[in-house]
Every structure is written in structure tokens, then in C-alpha cells.
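Me: I am new to this structure and would like a close look at a single part, the metal site, with its surroundings explained slowly. Please add whatever else helps me to find my way along the chain.

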Amino acid sequence: MPARRQPCAGATLMPMTPLEEIRHSCSHVLATAVLRLFPEAKLDIGPPTETGFYYDIDLDHRFTAEDLVRLEAEMRQVADENQPFLRKEVSREEAVEIIRSRGQERYKLGRLADISEGEKISFYQNGEFIDLCAGTHVRYSSKLKAFKLLSIAGAYHRGDERNKQLQRIYGTAFANKEELAQHLHQLEQARLRDHRKLGRDLKLFHIDEEVGQGLILWTPNGAVIRQELQTFISEELRKQGYAQVFTPHIGKLELYKTSGHFPYYKDAQFAPVLESDALARVVAENCPCGEVFARLEAVSGQLREQINARTGRETITADRVRPDADLLDGFMLKPMNCPHHIKIFASQPHSYRDLPVRLAEFGTVYRWEQSGELNGMTRVRGFTQDDAHLFCTEEQVAAEVLGCLSLVRTVLSTLGMADYRVRVGLRDPDSNKYTGEAANWDKAEEACRAAARTLGVPFTEEPGEAAFYGPKIDFVVRDVIGREWQLGTVQVDYNLPIRFDLSYIGPDNQPHRPVMIHRAPFGSMERFCGVLIEHFAGDFPLWLAPEQVRILPISEKTIEPARALLARLRAEGLRATLDEHSDKLGAKIRRAEIDKVPYALVLGQKEAEAGGVSVRSRARGDEGVLATDACVARLRAEVASRALPDRRKATPA
Ligand SMILES: [Zn+2]
Ligand SMILES: [Zn+2]
């Protein structure tokens with residue numbers, strides 16, 4: 001929850017919205033309550049956030065959940081006291097005096113020093129509490145009618161991990177109790193759907209410290225979901241004329257120097273992997289570490305000449321060049337798949353009749369995310385993109401972008417994610433940082449706009465949001481509880497075909513430059529599955545469910561026919577299991593519900609003799625006895641049509 005402003009740091013401010021005033025005033029009331037219960041607490045700052053407010057507090061006592069309850073009760077007391085918020089402008093000397101008199105020198109003097117000379121210094125007082133603050137606030141504390149303290153987290157003073165870690169108390173507040181209740185309900189829904197929790201409960205994936213943070217281990221259940229999604233997407237790609245390729249997880253540094261991904265994006269990448277020989281050499285030479293990096297990042301004079309000639313500008317500067325004998329080669333964990341796909345395209349001559357060439361790969365890439373940014377499956381360090389690169393002529397760009405979008409529409413609607421929007425990133429008309437000719441840009445931008453329009457969903461144009469090498473389209477889906485998730489992107493690229501000197505032979509028998517389209521519309525399989533787990537709350541449609549059917553024999557006597565049924569269902573391609581525990585049927589049914597298995601087939605002696613099963617659907621409840629053949633046919637049809645769960649009845653607990 002990033003703070004949009006830091007009012008208590010005293011900067012000149014834009015006026016707050018009424019809701020921000022409520023939330024920020026709650027920070028003051030929280031601090032009032034903290035000092036009443038913990039007079040030794042040292043306060044730092046307490047700004048409003050996108051969804052509430054916080055206050056950073058330095059206190060030896062570790063706040064507990066019970067403390068939050070007590071603090072919230074005290075805040076209610078402060079609100080009931082109907083304290084006015086009074087502003088007081090003071091000189092710097094007076095400010096120091098006020099801070100000293102309250103024993104709050106530890107952080108507040110530093111915050112006071114942030115206020116530049118000539119700026120007004122103000123305090124706000126409510127009841128006995130006074131705080132350095134530029135404002136603004138509600139007029140009386142009684143205006144604060146709907147607030148709630150939510151959580152405690154560690155936060156470094158000024159966000160710098162060299163500083164002391166403070167305790168941050170988060171809360172939220174709204175104008176009225178109804179809006180607060182609605183927000184809390186949404187938070188609760190989000191908690192129940194949290195893919196990290198469901199991922200554990202349903203055994204979908206695992207992250208192991210010893211393997212590494214941000215590296216997803218797909219366990220058997222999660223692997224089924226990923227495989228089914230990949231199969232589905234691949235089927236659609238085949239219909240659109242894509243070819244599947246496979247490429248390795250690493251590539252030589254030289255490749256990424258040519259593409260420009262190294263060293264320009266090195267902060268977002270794993271460090272290069274040195275060859276053993278090269279490593280032995282630099283060790284033998286006693287090469288200092290900094291020098292090793294400099295030699296890895298350097299380029300040969302030849303590469304510099306090539307790239308500068310191809311791009312027609314000073315793309316690689318002279319200071320990066322070193323004599324060939326100085327250069328260190330190595331490998332990179334691939335941060336993106338494009339250079340590998342480019343090399344596949346370039347491995348053969350192409351005529352205009354071959355285009356577009358569409359190369360698709362579920363390609364795994366590695367990016368360096370700060371450990372604080374990692375989050376379950378949605379922010380990771382290794383992920384598999386639903387990637388593809390299209391090599392086409394200028395004239396084909398519009399149709400290809402349209403094809404990418406129709407794929408997105410098909411996939412999202414199959415998954416019941418109809419609520420999404422697109423952002424079209426265009427160039428900044430006032431900048432000249434862009435590669436490629438203006439006329440081509442105009443055409444590509446219009447193609448993106450036109451394609452976005454065909455989706456029939458809201459889209460916004462965002463000037464200045466294009467990459468320097470071409471316009472792009474981003475997808476943002478809204479899930480069932482109203483949260484937005486940024487998925488993937490479609491990008492037009494004029495730059496890499498130049499850097500790699502790609503060409504095709506046109507109808508005029510002359511070489512021409514192809515345009516490249518990068519597209520990974522669902523982002524990555526990790527992120528997309530994380531979003532899907534939350535979207536379905538773990539209740540996957542039958543075709544995605546890791547375990548589709550569980551057979552529940554009523555007693556020992558039906559174990560044998562149950563085993564025969566299991567073999568039959570598996571032979572029919574269904575993911576079925578058999579619950580052979582000896583406990584009561586009720587316990588078996590409950591277990592199947594906890595595991596969110598879409599169908600439980602209950603097998604008693606009577607059903608077994610008649611060649612039938614009693615069907616319990618997770619979505620629709622008890623459906624009575626069906627002949628086994630009819631039951632199998634129905635399940636297979638539901639899988640084949642990739643139907644969404646039909647919830648005519650409320651979902652069982
Ligand atoms: Zn304030
Ligand atoms: Zn790419």
C-alpha cells in the first residue's frame with residue numbers, strides 16, 4: 001500500500017479528497033490512542049493510502065492482535081470526545097520546542113528538517129495530541145464513524161533497510177458504515193480466495209526456501225491445471241497458424257548485447273553465468289570483481305560498428321568497447337525469449353510468401369525481483385510466458401494484432417472472465433526517442449486502436465506509454481470480487497528486426513525488413529494460474545480440475561465394483577480417484593467437499609447391481625442415480641466443451 005503523499009512530513013500538498021481527509025484524520029486518532037495506551041511510543045508518520053491509512057511507530061513492545069482491538073476501542077473513544085482538529089502555524093524554533101516537550105524528537109525532528117526554509121510549518125492538535133502536519137483533516141473527530149484497524153507490519157524508517165524497522169499499523173476508513181462493511185467483505189473474500197492459501201490447501205504449488213524464493217514448484221495438482229491451460233491455448237494457436245518451438249533456458253551474453261537486453265536491463269536480471277574456463281582465467285589473473293563485471297558488459301569494436309550501422313545511430317557508445325582479448329563471455333538465464341526466436345527465424349531465408357511466421361513457445365524466463373516484491377505465484381523470479389513472436393510485413397501488422405486479440409477473447413470468455421479492459425500504449429507525440437519511421441508508427445498505432453475496438457470492451461489510449469520500439473496493448477481483467485489484474489501484452493516492434501538485421505525477400509526481389517510482434521497475452525503461466533485460483537476460489541471447471549471425479553464406495557462390499565468403475569473412468573480419460581478409507585460415507589463426502597472435487601460418485605450395493613451410480617455434483621448438489629454409461633458420457637461432454645461450473649444451487653461449504 002504505497003502512500004500517495006506524506007502529509008506529516010510537511011511537504012506542500014494538493015488538497016485531500018474528503019475520503020482522504022477521513023483516512024488521514026484516522027491516522028492522528030490512531031496515534032492519539034497509541035500514546036494513551038503506550039506513552040513511551042515514538043511516532044514517525046501516518047499518511048492516507050489508496051485503501052486506508054497507517055501510522056509508523058517505534059515501540060519495544062510488539063503490537064498484538066489484542067492490542068489492535070484495544071487501540072480501536074480507544075480510537076472510538078477519541079471520536080466520541082468530538083475533538084476539533086486545530087491548525088497552528090509556528091516558527092522552526094517553536095516547532096522544535098513542541099516536539100521536545102512531547103518527547104518525540106527521535107523521528108519528528110528529522111521530518112521537521114525535511115520542510116524546506118520558507119515553507120510553512122504547521123501542527124494539528126486534537127485533544128491532548130499534537131502532530132507536525134501540513135493537513136488537511138476533518139473538522140471534528142466525531143466525523144470518523146466508520147474505521148477499522150487491519151494489520152501490523154514491519155516498515156523501515158524512510159523505507160531504507162539500513163534504518164530501524166518500525167511497526168506499521170494499517171487501518172481503513174470510509175464515509176459510512178455500509179461502505180466500510182462492503183470493503184471488509186471484499187477483504188474477507190480476497191483472504192478466502194488467496195491463491196497462496198488455496199495453493200497450499202489444494203496442493204497446487206510449493207515454494208521451497210532451499211530451491212529459492214520466487215521459484216515455483218508445480219506440484220501434481222497444479223501441473224494438471226497448467227497442462228490443461230497450455231493444451232487449450234496451443235489448440236487455439238494451431239487454429240491461427242502458429243508453429244510451436246522449444247529453446248534452451250540460457251543464451252550467450254553476446255546475444256543479449258546484440259538485442260540490447262544486456263547490460264541495459266541488468267538490474268532486472270540474474271547475474272551472468274561465467275564459463276569455467278573464463279572463470280579460471282580471471283582468477284589466475286587476480287582480476288578484481290568490479291573488473292570482471294566491466295569485462296562482461298563490454299562489447300567488441302565489431303559488434304559496436306554492426307549495431308550502430310544497423311540502427312543508424314550511436315546505439316552503443318565507444319566507452320563500452322574493449323579489445324577482444326579483454327572481453328569475457330558468459331551466459332545469461334534468459335530474461336526473454338525473443339532473441340532465441342529471432343535466431344530461429346533468421347536460420348532460413350524467407351520470402352514474402354512465407355510471412356507471417358508465427359513462433360510460439362511456453363518459454364521460461366528469469367527476472368530478478370527484489371525479495372520484498374515476491375508474492376506467491378503472481379510475483380516470481382522464474383516464470384513461463386505464453387510467448388510468441390510474429391514476423392510479418394508492414395501490411396500484415398493490423399491483421400496479426402487482431403488475431404492476438406481474438407485469442408485473448410476466446411480464452412478469457414471460456415474461463416468466465418468477461419470483465420476486462422485494454423490499454424493501448426501510444427508514443428508521446430513530443431518525444432523523439434522512438435525507433436522506426438513515423439508513418440509506420442501511425443499505421444501500427446491505428447492497427448492497435450482498431451483491434452482494441454473490435455473487442456467490444458472498454459479501452460483507453462495512453463500516450464507516452466508505448467515502448468521506444470513500438471506501440472502496445474495491455475490486458476487488465478477484473479475478477480469476481482472486483483480486483484484488477486494486469487495480465488499480458490501485445491507489442492509491435494521495429495527495433496529488434498533492425499538490431500538483428502532480419503530480412504525477407506519481397507515481390508520486388510529485394511530484401512525488406514519484417515516487423516515483429518511480441519505477444520504473451522496471459523503474461524505467464526504462474527501469474528495466470530495464480531489469478532485463476534483466486535477467480536475460481538479453487539472451484540475449477542471440470543476440464544481444469546486436478547481431480548475430476550472421486551468414487552465413494554458405501555462399504556467394503558462395493559470396493560471391487562468401485563475399482564472396476566475407477567478403471568473405466570480412467571480409460572475414458574477422466575482424472576478419477578477412489579476413496580478406500582473405511583470410514584462412514586458422510587466423512588468421505590465431507591473430504592471430497594474440502595478437496596473441492598467437482599463430482600463424487602457414490603456406489604452402494606443397489607446401484608452397483610443395477611449398473612449405476614449416485615451422482616453428487618459440487619455445483620448442483622445431489623443429482624440422484626444415473627446409469628454408469630450416461631454418467632460417463634455426461635462428464636466427458638462437460639470436459640470436452642470446457643463448460644464453466646453451472647451453479648444452479650449455492651456452492652456447498
Ligand atoms: Zn495530519
Ligand atoms: Zn519478445
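Reply: What follows begins with the metal site and then turns to helix contacts and some unusual backbone places.

This is a predicted model, in which local features need pLDDT of at least 70 and side-chain atom pairs count only at pLDDT 80 or more, while totals for chains, interfaces and linings use all residues. Residues are numbered from 1 along each chain as its sequence is written, chains are lettered from A and ligands numbered from 1 in the order in which they are written, and side-chain values use heavy atoms, with hydrogens and water left out.

The zinc ion (ligand 2) has as its protein donors Cys338 through SG, His389 through NE2 and His518 through ND1, at 2.0 to 2.4 Å. Donors here are N, O and S atoms within 2.8 Å of the metal (3.2 Å for Na, K and Ca), and water is not among the atoms, so sites may look incomplete. Along the sequence, the spacing of the donor residues is C-x50-H-x128-H. Because Cys338 belongs to helix 12 (residues 338-346) and His389 to strand 15 (residues 382-392), the pair ties together parts that are 51 residues apart in sequence. Helices (H or I, at least four residues) and strands (E, at least two) are DSSP runs, numbered from the N terminus. Cys338 is buried at 5% relative accessibility, and His389 is buried too, with a relative accessible area of 1%; buried means under 20% relative accessible area, exposed over 50% and partly exposed in between, with a 1.4 Å probe and protein chains only.

Away from the metal, Arg642 sits in the segment after helix 20 (628-640), and it counts as buried at 15% relative accessibility. If its neighbours within four places in sequence are left aside, Arg642 is in contact (heavy atoms within 4.5 Å) with Phe232, Glu235, Thr414 and Trp543.

Helix 10 (residues 289-297) has Val292, Arg295, Leu296 and Glu297 as its buried residues, and these pack against helix 8 (253-259), strand 12 (273-274) and helix 9 (276-284). In the loop between helix 9 and helix 10 lies Asn286, which is exposed, with a relative accessible area of 67%, and whose phi is near 55°, a positive value in a residue other than glycine. A positive phi, of about 60°, is also found at Arg158, which is not a glycine; Arg158 is placed in the loop between strand 6 and strand 7 (165-174) and counts as partly exposed at 42% relative accessibility.

Most residues other than glycine have a negative phi, and most peptide bonds are trans. The peptide bond from Gly135 to Thr136, however, is cis, with omega near 10°, and Thr136 belongs to the loop between strand 5 (129-132) and strand 6 (146-156). The bond from Phe262 to Pro263 is likewise cis, with omega near 0°, and Pro263 lies in the loop between helix 8 and strand 12.

One further helix contact may help with orientation. In helix 3, Arg92, Ala95, Val96, Ile99 and Arg100 meet Glu105, Lys108, Leu109, Leu112 and Ala113 of helix 4. By class, this contact has six nonpolar, no polar and four charged residues, where Ala, Val, Leu, Ile, Met, Phe, Trp, Tyr, Cys and Pro count as nonpolar, Asp, Glu, Lys and Arg as charged, and the others, Gly among them, as polar.
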